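Let's take a walk through this model, going from charged pairs to a greasy surface and a few odd spots in the loops. Keep the structure open as you read.

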Amino acid sequence: QGVMDRARRWTWLFLLVLPAVGWLSVFWMFPLVMALLMSFREFDPQAVVGLKITLKNYITLISDPFYLHAFWRTLWIAGVATAASILFGYPLAYHTVKARAQERPFLTLILLVPVMLSLVVTAFAWLILLGPSGFANRILLGLHIVTEPVQILNTELGVIIVLVYSFSPYMMLSIMSSLENVDPSLLRAARILGASPWRTFWKVTLPLSVPGVLSGSLMVFSLSAAAFVTPYIIGGNRVKVVPLLIYNFAIALFDWPDAAALCVLL
């Protein structure tokens with residue numbers, strides 16, 4: 001009877017996950033497999049994708065300093081955006097979790113505003129804010145921090161600023177989830193044993209929230225490394241990152257094999 005019940009549970013579990021597995025196989029796994037297979041084809045200007053199998057695409061991409069620099073820049077921008085999201089997102093997440101019950105929905109809604117807006121709309125809004133005569137430069141000039149407008153657009157700094165704004169909510173929500181799961185009795189025990197609020201945070205709260213920081217970092221880093229709209233609009237196609245190279249190969253040059261190889265490496 002126990003074996004039959006176990007088999008029945010596994011059968012129901014299989015039936016429950018089958019639609020999701022089928023959906024991901026068709027719309028996620030299949031395109032990745034197609035990109036992998038295409039990346040070993042030779043580029044043919046007449047047919048776009050040639051029939052000849054070759055490793056030339058990968059050899060070129062991993063040996064050419066231009067592409068290596070693009071990969072390094074992509075990882076660098078994603079890493080800085082992730083670190084900045086932790087730096088700015090953790091205090092906001094902590095404050096939201098510790099806020100009064102009637103304030104939390106409003107604060108959470110504010111944190112989610114960047115996620116609710118289209119990345120294109122967000123990028124064009126920041127294009128106006130970060131321009132030579134934009135709000136950011138007006139503030140810097142008004143406070144006499146600089147004597148002339150600072151070049152923020154078409155730079156890595158501008159791209160990082162918009163990436164942090166766009167993707168830091170994922171970090172905040174992940175950290176909030178971890179902080180909400182911290183057992184309040186542990187904090188009370190630390191205070192009873194004489195720990196100061198700062199020591200309680202450093203020794204109890206922060207270590208227990210590390211899983212949220214790690215999962216948020218994974219999301220922010222992945223989204224930043226794969227971002228296309230922000231580098232294209234804010235970077236003006238001058239901040240060469242891998243997603244822009246993929247776009248140029250696939251759309252401008254119709255070199256799908258090299259674009260597929262870049263996708264696989266990324």
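Start with the salt bridges, of which the count comes to three; a salt bridge here is a side-chain nitrogen of Lys or Arg within 4 Å of a carboxyl oxygen of Asp or Glu. Before we visit them, bear in mind that this is a predicted model, in which local features need pLDDT of at least 70 and side-chain atom pairs count only at pLDDT 80 or more, while totals for chains, interfaces and linings use all residues. Residues are numbered from 1 along each chain as its sequence is written, and side-chain values use heavy atoms, with hydrogens and water left out.

Take arginine 73 and glutamate 156, whose side chains meet in a salt bridge at 2.8 Å, N to O. This pair links distant parts of the chain, with arginine 73 in helix 3 (residues 65-98) and glutamate 156 in helix 7 (residues 156-180), 83 residues apart. Helices in this account are DSSP runs of H or I with at least four residues, strands are runs of E with at least two, and both are numbered from the N terminus. How exposed or buried are the two partners? Arginine 73 is buried, with a relative accessible area of 18%, while glutamate 156 counts as partly exposed at 25%. The cut-offs behind those words are under 20% relative accessible area for buried, over 50% for exposed, and partly exposed in between, using a 1.4 Å probe and protein chains only.

Next, glutamate 180 forms a salt bridge with arginine 104, the closest N and O atoms being 2.2 Å apart. Glutamate 180 lies in helix 7 and arginine 104 in helix 4 (residues 104-116), so the pair ties together parts that are 76 residues apart in sequence. Both partners are partly exposed: glutamate 180 has a relative accessible area of 43%, and arginine 104 sits at 25%. Then there is the salt bridge between the side chains of arginine 100 and glutamate 103, at 2.6 Å, N to O. Glutamate 103 is partly exposed as well, at 29%.

Side chains of opposite charge can pair when their charged atoms come close. Now look at a residue without such a partner. Aspartate 255 is buried yet has no salt bridge, and lysine 56, the nearest side chain of opposite charge, is 8.8 Å away; for this purpose Lys and Arg count as positive and Asp and Glu as negative, with His and the chain ends not counted. You'll find aspartate 255 in the loop between helix 11 (242-252) and helix 12 (256-265). What does its side chain have close by? A polar atom of the aspartate 255 side chain lies 3.3 Å from the backbone nitrogen of aspartate 258. Leaving aside neighbours within four places in sequence, aspartate 255 is in contact (heavy atoms within 4.5 Å) with Phe43, Phe249 and Ala250.

While you're at helix 11, click on isoleucine 251, which lies in that helix and is partly exposed at 49%. Its C-alpha atom is separated by 50 Å from that of glutamine 102, 149 residues away along the chain.

For a buried spot inside a helix, try serine 217 in helix 9 (residues 197-225). Serine 217 has a relative accessible area of 14%, and it touches Thr82, Ile86 and Met171, not counting residues up to four places away in sequence.

Over to helix 1 (residues 2-38), where phenylalanine 27 is found. Phenylalanine 27 counts as exposed at 55% relative accessibility, and it is one of the residues making a nonpolar surface patch of about 1200 Å², alongside others including Trp23, Leu24, Trp28 and Leu37. Patches are made of residues with over 30% relative accessible area and no salt bridge, joining like charges within 9 Å and nonpolar side chains (Val, Leu, Ile, Met, Phe, Trp, Tyr) within 5 Å; the areas come from the Shrake-Rupley method with a 1.4 Å probe, and for residues only the protein chains shown count as cover. Phenylalanine 14 is in helix 1 too, and it is exposed at 51%.

Finish in the loop between helix 6 (135-142) and helix 7, home of histidine 144. Most residues other than glycine have a negative phi. Histidine 144, though, has a positive phi of about 60 degrees, and it is exposed at 70%. Asparagine 154 lies in the loop between helix 6 and helix 7, and its phi is also positive, near 65 degrees. Asparagine 154 is partly exposed, with a relative accessible area of 28%.

Note on methods:
A polar contact is a pair of N or O atoms within 3.5 Å; within protein, one must be able to donate a hydrogen and the other to accept it, and residues adjacent in sequence count only if both atoms are side-chain atoms.
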